[in-house]
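Work through the exercises below with the sequence and the structure at hand. Try each task before reading its solution.

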Amino acid sequence: MTNIQEIINLVRENKPDADLGLLERAYEFASNAHQGQKRLSGEDYIQHPLATAKTLATMRLDLPIIIAGLLHDVPEETSFTIEDIKKNFGKDIAGMVEGITKLSGVKYRGIERYAENLRKMFFAMSRDVRVILIKFADRIHNMETLDAQRPDKKLRIAKETLEIFAPIAGRLGMGEMKNILEEISFPYVYPKEYVWVKELSETRLKVEKKYIETIKKALSKEIIAEKITNFTINGRVKENYSLYRKLLEKNRDIDKIYDLVALRIVTDNVPDCYRILGIIHKKWSPLKGRIKDYIAQPKPNGYQSLHTTVFADHGRVVEFQIRDRAMNELAEYGVAAHWHYKELGKKKFTKEQLEWLEGLLAIQKNSVDHEDYLEKIKLDIFHDHIFVFTPKGDVIDLPEGATPIDFAYHIHTDVGNRCVGAIVNEKMTALDDPLRSGDVVDIITNKNRNKPNVDWLKIVKTNAAKEKIREALKDKKTGLIDRLLAKKIQ
Ligand code: MN
């Protein structure tokens, strides 16, 4: 059971100047709206938005996000509308709630529809990353109360969490969120494997932990002797799901896993990271090819750290990760860490980030699972596609290389036939310029024009556009056009 006071306390601690009155009003509004409703689990409905908001508060996010979390199911589940939320809590919060509400409209209706919706959903979410964060928090509580669901639904939700949501969290650099989502769904998706991995890990850890303690002490001494004082050193145990994935790569042989426990050293600054790396290598010899400098060359999701694996005392293999405090924060919270610093509160993604998000949709193909629909989604839906927006913000997906003409025909045949120009990201663009994910496309039409240019047939990428252009040209009865067409095309 969560109560509003816990959330108030968290907010007060993390954001001392936050408007707590507004938070309390949001709680009253939500609990009034959900009055009398129950969750499948039997608890009062308000427990769900409370749990969602609490997760967001624990992530140290801003008050508007926490409030949107409290209100996120109001339009979907109660008689109050987005307008009501706007009136009471403003446009910004209402916008986030609207984003979430649109997503919850996505219901499973057979594989085709589901995949289609999912694809649009993630791109819609990518426009305001805060909506993704609320969705994660919402999903965590849904997973926590999953046992109340029907068995088939249970499996579907857990799979979606494991195979879609967790990788997205990873891609957003949210290591901690990724772990939470994976750990919470692993036992539902692979019950037997879960038990196997858990027992294997626990048995192994009994021995490992003691050994790591001695390594930790020995190293601490050396670091202090080198006059580095501001550092922490902690053992971090590999999570079950992540261990499971690694075991599958290593023939299920736990002796080949070197980082079941790794030592994580967090320093004040970058020079100390490199100095500590030197201290470790002086003391123990490193394994070839296992030194990784993600500080100089960060991972695509922004992760930075030094990694090394050494032959430590008694010839045993130990992995170290060394990073400064800011890097550590980023490794755990990813994009969410931006809200921990006041100056960063960007709501919309830049073009660069959007490109990066494209990669997010190319969700991991290195999967171990069966023939289900999620597999299909991963394999053929998320690549060779671009996602562009109408000026109103609707997401349109097109094949790679698609042009403004394809876009125009996708909107409507008349828009295509009357299209005379395109404004992409507020700039005039040639009609044959390929669009890129994240582009906002506005088509200029001329009423007096009613047939397409025959050359467009060579430019367009989509069959739909080609068909419509042919049709429009044919319409104009003259055999001339047909002859022209035949000539131009072959
Ligand atoms: Mn919800």
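**Exercise 1. A patch on the surface**

Task: In this predicted model, which residues make the nonpolar surface patch of about 260 Å²? Then state whether methionine 428 is buried or exposed.

Solution. Step 1: the patch is made by Val420, Met428 and Ile444. Step 2: locate methionine 428, which sits in strand β10, residues 427-429. Step 3: compare its relative accessible area with the cut-off. Exposed means over 50%, and methionine 428 has 60%, so it is exposed.

**Exercise 2. The manganese site**

Task: Which residues coordinate the manganese ion, and how are the donor residues spaced in sequence?

Solution. Step 1: list the donors. The manganese ion is held by His48 and His72, each through NE2, and by Asp73 and Asp138, each through OD. The distances run from 2.1 to 2.4 Å. Step 2: write the spacing, which is H-x23-H-D-x64-D. Step 3: place the two aspartates. Aspartate 73 is in the loop between α4 (63-71) and α5 (74-77), whereas aspartate 138 belongs to helix α8 (residues 129-144). Parts 65 residues apart in sequence are therefore tied together by this pair. Step 4: check burial; both aspartate 73 and aspartate 138 are buried.

**Exercise 3. A helix and its surroundings**

Task: What span should helix α3 (residues 47-58) have at 1.5 Å a residue, and how many of its residues are buried?

Solution. Step 1: take the length, 12 residues. The expected span is 1.5 Å times one less than the number of residues, which gives 16 Å for α3. Step 2: compare this with the model. The end C-alpha atoms of α3 are 16 Å apart, in agreement with the expected span. Step 3: count the buried residues. There are 9 of 12, so α3 is largely enclosed by the rest of the structure. Among these buried residues are Gln47, Pro49 and Leu56. His48, a donor to the manganese ion, is also buried in α3.

**Exercise 4. The partners of one strand**

Task: Which strands pair with β5 (residues 306-311), and how many of the residues of β5 are buried?

Solution. Step 1: begin with β3 (residues 285-286), which runs antiparallel to β5 and is joined to it by 2 bridges. Proline 286 stands opposite valine 310 of β5. Step 2: β4 (residues 292-293) also pairs with β5 in the antiparallel sense, over 2 bridges. Here aspartate 293 has leucine 306 as its bridge partner. Step 3: β6 (residues 317-324) pairs with β5 over 6 bridges, again antiparallel. Leucine 306 stands opposite isoleucine 322 in β6. Step 4: look at the turn. β5 and β6 form a hairpin with 5 residues between them, and histidine 314 in the turn has a positive phi of about 60°. Step 5: consider cover. Of the 6 residues of β5, 5 are buried, and the strand is mostly covered.

**Exercise 5. Positive phi in two loops**

Task: Where do lysine 227 and glutamate 426 lie, and are they buried or exposed?

Solution. Step 1: lysine 227 lies in the loop between α11 (191-225) and β1 (231-237). Its phi is near 65°, a positive value in a residue other than glycine. Step 2: glutamate 426 is in the loop between β9 (419-424) and β10, with a positive phi near 70°. Step 3: read the relative accessible areas. Lysine 227 is exposed at 69%, and glutamate 426 is exposed at 79%.

Key: Residues are numbered from 1 along each chain as its sequence is written. This is a predicted model: local features need pLDDT of at least 70, side-chain atom pairs count only at pLDDT 80 or more; totals for chains, interfaces and linings use all residues. Side-chain values use heavy atoms; hydrogens and water are left out. Patches are made of residues with over 30% relative accessible area and no salt bridge: like charges are joined within 9 Å, nonpolar side chains (Val, Leu, Ile, Met, Phe, Trp, Tyr) within 5 Å. Accessible areas come from the Shrake-Rupley method with a 1.4 Å probe; for residues, only the protein chains shown count as cover. A salt bridge is a side-chain nitrogen of Lys or Arg within 4 Å of a carboxyl oxygen of Asp or Glu. Helices (H or I, at least four residues) and strands (E, at least two) are DSSP runs, numbered from the N terminus. Buried means under 20% relative accessible area, exposed over 50%, partly exposed in between (1.4 Å probe, protein chains only). Donors are N, O and S atoms within 2.8 Å of the metal (3.2 Å for Na, K and Ca); water is not among the atoms, so sites may look incomplete. Two strands pair if DSSP finds at least two bridges between them.
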